[in-house]
Amino acid sequence: MAIRSSASQEVRRLVGDLSLEGPDGESRREAAVARLAVIGTRAVRQLLEALNSATSPVQRAAVLQALEAIPDHRAVEPVRALLGAATLDVRLAAARVSRALLGLPQGTALLDTMTAIAMDRAQPEALRAGVIDALATLPPRTVKPLWDRLKDDPSPAVRSLLTRAGAVVDDPVVDLEEAADGWLPRDPGVVLQLVSRASAEAPLSTLHRIVERVRTKEAEAKKGKKREWLSVRGAAHVALAKRNSRVALYDLREALEQATEPLPADFLEALRLVGDQTTLEPLAAAYVHSESMADGEAWRRSVADTFQSIVARERITRRSSAVKRVGTRFRDRVAALLSASTEEKADRGLRRVRR
């Protein structure tokens, strides 16, 4: 009984040292933490009592540091509560202690709290990084869903930790393929950057799937985000067109027919590169619809230039079925468009003869 009393008194003295401040306080606290780690679970009850009664962030952080080396189920709930403490240093210390507690059977609620912090971009970056660093100790299949959702996170610290954990590979082609087949990042800017970086090397089928997935995302997005997703779709079309692929030409046609406002410039750029006879009628529709658009004059001129560029490149004459369909459908409303296209083609033919 005397031995137990002596051990209890030693723990009480060491726990008291954790509250020391001043010039010698830090070294005494470090020595106490090391000794308490040796004592182990016998010190947990008094450490938790001290944690509950601590009056300063320094003392609370020191107690948590001591608990970090003694994984015990009794610490799970108190530590989880302190992840929401008012002081950042205490929250960071709680995140470090959590590393050892996550693997316990009682750690499910703690895992949920830490996952929520990791996902919350409003939380301090240092805290999110500390939580993610702790979560990285779990088996890969446990944290993979979280890693997948964090891959588009703008925080450099978060991205660095994910890379270190093997969740992010700096290969834009791989990332784009994953976006095409798996989880599409929520931020259209991230996808736009991926398309730009991977456009020259990504398989054409991957770029095509990106067009499809982004179109779906665009349809589901709120009004403020629709235009951003539309720009991503246009960039994917240019990436395909620069590699002379017409695999998604149907989507360009549909976009023109359905446009109620000017499309991003990339849509017309892609058509200048790979547009064919089948795109003339949708271009004519966009030309006609521009009449009712506010500030649609610049868009109207760009559509006309694209129409004429395709006519010249494909050497399309007024006798072609595509041009006849345009004339029949829109009649006088496209007279200037068809006249200009025919004149430009004739001028180009004349220049070739003169050479």
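Helix 3 passes helix 4 in a left-handed crossing. In this predicted model, the axes of helix 3 (residues 44–53) and helix 4 (residues 57–68) come within 9 Å and cross at roughly 155 degrees. Because angles over 145 degrees count as roughly antiparallel, helix 3 and helix 4 are roughly antiparallel to each other. On the side of helix 3, the contact is formed by Leu47, Leu48, Ala50 and Leu51, while helix 4 contributes Gln59, Arg60, Val63, Leu64, Ala66 and Leu67. By class, the contact of helix 3 with helix 4 comprises eight nonpolar residues, one polar residue and one charged residue.

A left-handed crossing is also found where helix 7 passes helix 8. Here the axes of helix 7 (residues 108–119) and helix 8 (residues 125–135) come within 8 Å, and the crossing angle is roughly 135 degrees. Helix 7 is therefore oblique to helix 8. The residues of helix 7 that make the contact are Leu111, Met114, Thr115, Ile117, Ala118 and Met119; those of helix 8 are Leu127, Arg128, Val131, Ile132, Ala134 and Leu135. Ten nonpolar residues enter the contact of helix 7 with helix 8, together with one polar and one charged residue.

Further along the chain, helix 11 (residues 172–181) packs with helix 12 (residues 188–198) at an angle of about 130 degrees, the axes being 9 Å apart. This angle makes helix 11 oblique to helix 12. The crossing of helix 11 past helix 12 is left-handed. Pro172, Val173, Asp175 and Leu176 of helix 11 meet Leu194, Val195, Arg197 and Ala198 of helix 12 in this contact. Six of the residues in the contact of helix 11 with helix 12 are nonpolar and two are charged, with no polar residue.

Attention turns next to the pockets and cavities. The largest pocket holds about 420 Å³ of space. Its lining is made up of 16 residues, of which Glu218, Leu230, Arg233, Glu261 and Leu263 are the closest to the pocket centre. Helix 13 (204–220), helix 14 and helix 15 each supply at least two residues of the lining of the largest pocket. Helix 14 provides the largest share of that lining, with five residues. In terms of residue class, the lining of the largest pocket consists of nine charged, five nonpolar and two polar residues.

Two cavities of 30 Å³ or more are present in the structure. The second largest cavity contains about 30 Å³ of space. Its lining consists of His237, Leu240, Ala241, Ser245, Arg246, Val247, Ala248, Leu249, Leu252 and Val274. Helix 14 (223–242) and helix 15 (249–258) each supply at least two residues of this lining, and the largest share, three residues, comes from helix 14. The lining of the second largest cavity divides into seven nonpolar residues, two polar residues and one charged residue.

Helix 14 thus recurs in the description of these spaces, as the source of the largest share of the lining of the largest pocket and of the largest share of the lining of the second largest cavity. Charged residues number nine in the lining of the largest pocket, whereas the lining of the second largest cavity has one charged residue.

Key
Residues numbered from 1 in each chain as written. Predicted model: local features only at pLDDT ≥ 70, side-chain atom pairs only at ≥ 80, totals over all residues. Heavy atoms only, no water. Axes fitted to C-alpha atoms, helices over the stretch in contact; angles between N-to-C directions. Helix = DSSP H or I, 4+ residues; strand = E, 2+ residues; numbered from the N terminus. Parallel < 35°, antiparallel > 145°, perpendicular 65-115°, else oblique. Left-handed = near helix turned anticlockwise from the far one by under 90°. Contact = heavy atoms within 4.5 Å. Nonpolar A, V, L, I, M, F, W, Y, C, P; charged D, E, K, R; others polar. 1 Å grid on protein atoms, 1.4 Å probe; cavity = no way out; pocket = protein on both sides within 12 Å on 5 of 7 lines; lining within 4 Å. Points joined across faces, edges and corners; volume = space filled by probe spheres on them.
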